[in-house]
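Student: I have a structure open and want to go through a few spots in it. Can you take short questions as they come?

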Amino acid sequence: MSHHAVSPESARLPNTVDSDAPLRVAVGWDTTSGEAVEFAAWLGRSLPMKVQVMASAQLPPIQALTTSAKSRKKQLKKMREEFHKRVVDELDGQIPKSQWSKEVATLKDGKDTVRSLLDNALEFNADLIVMGSRAKSPKGRLRPSSVTDEMLYSSPIPLGLAPRGVKLSKKGITRVTYAVVDTDGKKEPEFYGLDYATALACALHLPLRIIAFSPTSYDEHGPKWYERTLGMLDHARDRAWEYACELSPDRLDHFDVTSSVSTGKSWKRSIDSVKWRKGDIMCLGSQPSPNLRTVFLGTLEGEFIRYAPVPVIVCPEAAK
């Protein structure tokens, strides 16, 4: 594996530090909530961006004597025209037209929704896929849909998730937080997503804070755990500084890294004990699983992000 867990090939955000190349954002369409579009609009206040809204259409299969290929093609064309109109109406007033991609709305015909969305994002050469939360999610919390959940463990592209009803700063992103979730393992975490968080902070001239979260209270951990966790945070902080120096050695005046530990008797208490602002964004990595079909919400990270009060970017493990 390369030294950095997230390389420019798997997360192209580092290129924006010394380039005006726009971040290519693929937005997953949701008829029940507008969080994904709001999240994309919020990103556009801070970063150069080109956005494309995508969805998957599942038309009934062609049946002999009842459905011809020609009528099915006509039906799909009509659906695409209607989808384009709905997308334009939704984006108008939220995202400047200068940030729209040439093909701002794409509707693919496919039986596998996740595969269709991922194929669309790859064809768009997306740097980030943005999805919202389920409509019945508690306000200010994140509950991925079954489609989003599957994308979390199968997408090679970083995935942005917006909690339901989250209030975002009009100034855009004002602080970057990197979350370390695996603090109870015997081995030091691989820090997947730390490079991405560092690059984002550098690109926006913002501070980076690294927080080690635990769903177990401090008293139950004991001094040895705390000492080990502080050592791990020192390594993470050194790594962030090292990568920041690689990205922009002459532009570190605004870059700063702080670290802390947040414990609680549950993930909710651990997360809620941290002070969050409307301009915060949180990054974390998805740990590799020996079983690729393991549902993400059953993992440590999956349980953690359910209580995220701010937008989250989940970074995949880099290719070895």
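Student: Where is Thr229 found?

Tutor: Thr229 sits in helix 7, which covers residues 223-247. Keep in mind that this is a predicted model.

Student: Is Thr229 buried or exposed?

Tutor: Thr229 is buried, because its relative accessible area is 2% and the cut-off for buried is under 20%.

Student: And what does Thr229 touch?

Tutor: Leaving out residues up to four places away in sequence, Thr229 touches Thr183, Ala212 and Val261.

Student: OK, pockets. What is the volume of the largest pocket?

Tutor: The volume of the largest pocket is about 490 Å³.

Student: How many residues line the largest pocket, and which lie nearest its centre?

Tutor: The lining has 24 residues, and those nearest the centre are Trp29, Asp30, Thr31, Ala55 and Ser56.

Student: What is the lining like by class?

Tutor: Ten of the lining residues are nonpolar, ten are polar and four are charged.

Student: Which helices and strands each supply at least two residues of that lining?

Tutor: Strand 2 (49-57), helix 2 (69-91), helix 3 (113-123) and helix 4 each do.

Student: Staying with helix 3, what does Val114 touch?

Tutor: Val114, which is found in helix 3, touches Val147, Glu150, Met151 and Ser154, again not counting residues up to four places away in sequence. Val114 is also buried, at 6% relative accessible area.

Student: What separates the C-alpha atoms of Val114 and Ser56?

Tutor: The separation is 8.3 Å, although the two residues are 58 residues apart along the chain. Ser56 is also one of the residues nearest the centre of the largest pocket.

Student: Next, Ser155. Where is that one found?

Tutor: Ser155 lies in the loop between helix 4 (146-154) and strand 5 (159-161). Its relative accessibility is 7%, so Ser155 counts as buried.

Student: What does the side chain of Ser155 reach?

Tutor: The Ser155 side chain reaches the backbone oxygen of Ile157, at 2.8 Å. Setting aside residues up to four places away in sequence, Ser155 touches Leu118, Ile129 and Pro316.

Student: Change of topic. Which residues touch the most other members in the largest nonpolar core?

Tutor: That core has 58 residues, and Ile95, Val176, Tyr178, Leu208, Ile210 and Ile281 touch the most other members.

Student: Take Ile281. What is Ile281 in contact with?

Tutor: Ignoring neighbours within four places in sequence, the contacts of Ile281 include Phe39, Trp42, Leu43, Ile173, Arg175, Val176 and Thr177. Leu200, Pro311 and Ile313 are also among them.

Student: How many residues are in the second core?

Tutor: The second core is separate and has 32 residues, including Phe124, Leu159, Ala179 and Phe213.

Student: Last thing, backbone angles. What is phi of Asn125?

Tutor: Phi of Asn125 is near 60 degrees, a positive value in a residue other than glycine. Asn125 is in the loop between helix 3 and strand 4 (128-131).

Student: And phi of Phe191, what is that near?

Tutor: Phi of Phe191 is near 60 degrees, also a positive value in a residue other than glycine. Phe191 is in the loop between strand 6 (175-180) and helix 5 (194-204).

Student: Which is Phe191, buried or exposed?

Tutor: Phe191 counts as buried, at 3% relative accessibility, whereas Asn125 is partly exposed, with a relative accessible area of 42%.

Key: Residues numbered from 1 in each chain as written. Predicted model: local features only at pLDDT ≥ 70, side-chain atom pairs only at ≥ 80, totals over all residues. Heavy atoms only, no water. Helix = DSSP H or I, 4+ residues; strand = E, 2+ residues; numbered from the N terminus. Buried < 20%, exposed > 50% of the residue type's maximum accessible area, 1.4 Å probe, protein only. Polar contact = N/O pair within 3.5 Å; in protein donor to acceptor, adjacent residues only side chain to side chain. Contact = heavy atoms within 4.5 Å. 1 Å grid on protein atoms, 1.4 Å probe; cavity = no way out; pocket = protein on both sides within 12 Å on 5 of 7 lines; lining within 4 Å. Points joined across faces, edges and corners; volume = space filled by probe spheres on them. Nonpolar A, V, L, I, M, F, W, Y, C, P; charged D, E, K, R; others polar. Core = buried A, V, L, I, M, F, W, Y, C linked by side-chain atoms within 4.5 Å.
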